[in-house]
Amino acid sequence: MDAALEAALQGPRGVNPLVGAVVIAADGTRLVTGYHRGAGTAHAEADAIDQAKAAGHDLSGTTMVVTLEPCNHCGRTGPCAQAIIEAGIADVVYAVDDPHDPAAGGAATLRAAGVRVRSGLGAQAALELNRQWFDAVEAKRPFVTLHIAQTLDSRIAASDGTSQWISSPESLADNHALRGRIDAILVGTQTVLVDNPRLTARGADGEPAGRQPLRVVMGYRGIPEGAAINGDDGKVLHLPTRDPREALDELFAAGVRHLMVEGGSRILSAFLSAGLVDELIVYLAPTLLGSGTPALEDLGITTLADAQQWEWDPASGGAVQQLGRDLRLHLRPARTGANDQPLAPNNTSSDSTTLRADADTAAGGN
């Protein structure tokens, strides 16, 4: 399970949870390790099975250890529970139940097919791995990534309004790759009026990528008719509100499951103040301006004891990367207290060493 959890960290955070899977032979030999590489790619279980087949391994009678209950639905990929059954895997050990209704039920499907199923191993670590994703699922809102491109002195634009380009070409490329994975990207009306951004995902050659996010403008003022954000594909949405929670409710209803918030300062601060940011990505340029537009406005914090606390996130490429001349900082909200536990799916043990078997197995079944 430790190896599966470590593998899971290689995947990107977002619409799907981080998941790792290890297949073990009957003699205890670790055969393959798989992980989920993002929406639309093979899930960790399928990735491990594909690797095993490519290596010529016979999976009959093997054990799969996975950090999350195998899914039971057809989305962009097929159901992992069925893939496990067809591969001939005899024993599945997973950490926590899947709280996502469309995907849940994989354990029951496996048991019905005669696969031995146990859960609870590494549950606490698995919950911690994806605690923000569990929170978003429970709240029925999109997973929110907040992105800031700023100078060393936390400026996102100079006094004359110029901001292109604070970030290095490498940081811009990284950001466009992220845009190609998310469902929607959101800015405020002021950003549209001042910067006139396209908010499209583009490749190294500047051409549009194959998959584009929904472009969202939040604020009371309408989108100017000639604004670049309108594009020509109809993938633009205006949300006449300044309430982040209201915006997330509307986007969730529209099918958005991963949102990236890009700015400006008022919008960034509104989402942070509301406690609705699951992941923070900061591109830090080795540049000083001394004046200009600050990255954030007042968060309503008046004393250090009330400061927002964040922690370095080792997932999705690591906590700190150097991209050209910039640093890419990757963080997630820190726990607010020793007793602040992540939201747990039903019937999940928090004891990382205890396995929970299904009733048939406990009674001496398959």
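**Thr241, helix α3 and the β1–β2 hairpin**

I will start with Thr241, whose side chain reaches the backbone nitrogen of Asp243 at 3.0 Å, a polar contact being a pair of N or O atoms within 3.5 Å, where within protein one must be able to donate a hydrogen and the other to accept it, and where residues adjacent in sequence count only if both atoms are side-chain atoms. Please keep in mind that this is a predicted model, in which local features need pLDDT of at least 70 and side-chain atom pairs count only at pLDDT 80 or more, while totals for chains, interfaces and linings use all residues. Residues are numbered from 1 along each chain as its sequence is written, and side-chain values use heavy atoms, with hydrogens and water left out.

Thr241 lies in the loop between β10 (236-239) and α9 (244-253), helices (H or I, at least four residues) and strands (E, at least two) being DSSP runs numbered from the N terminus. Thr241 is buried, at a relative accessible area of 3%, where buried means under 20%, with a 1.4 Å probe and protein chains only. Beyond its neighbours within four places in sequence, Thr241 is in contact (heavy atoms within 4.5 Å) with Met218, Gly219, Tyr220, Glu246 and Ala247.

Turning to helix α3 (residues 80-87), the buried residues there are Cys80, Ala81, Ile84 and Ala87. Seen down the axis of α3, these fall within an arc of 130°, so they line one face of the helix, the arc being that of the directions from the helix axis to the C-beta atoms. Their cover includes α2 (44-54), β3 (63-68), β4 (91-96) and α4 (106-112).

Finally, β1 and β2 form a hairpin with five residues between them, and Gly28 in the turn has a positive phi of about 90°.

How values were computed:
Buried means under 20% relative accessible area, exposed over 50%, partly exposed in between (1.4 Å probe, protein chains only). Two strands pair if DSSP finds at least two bridges between them.
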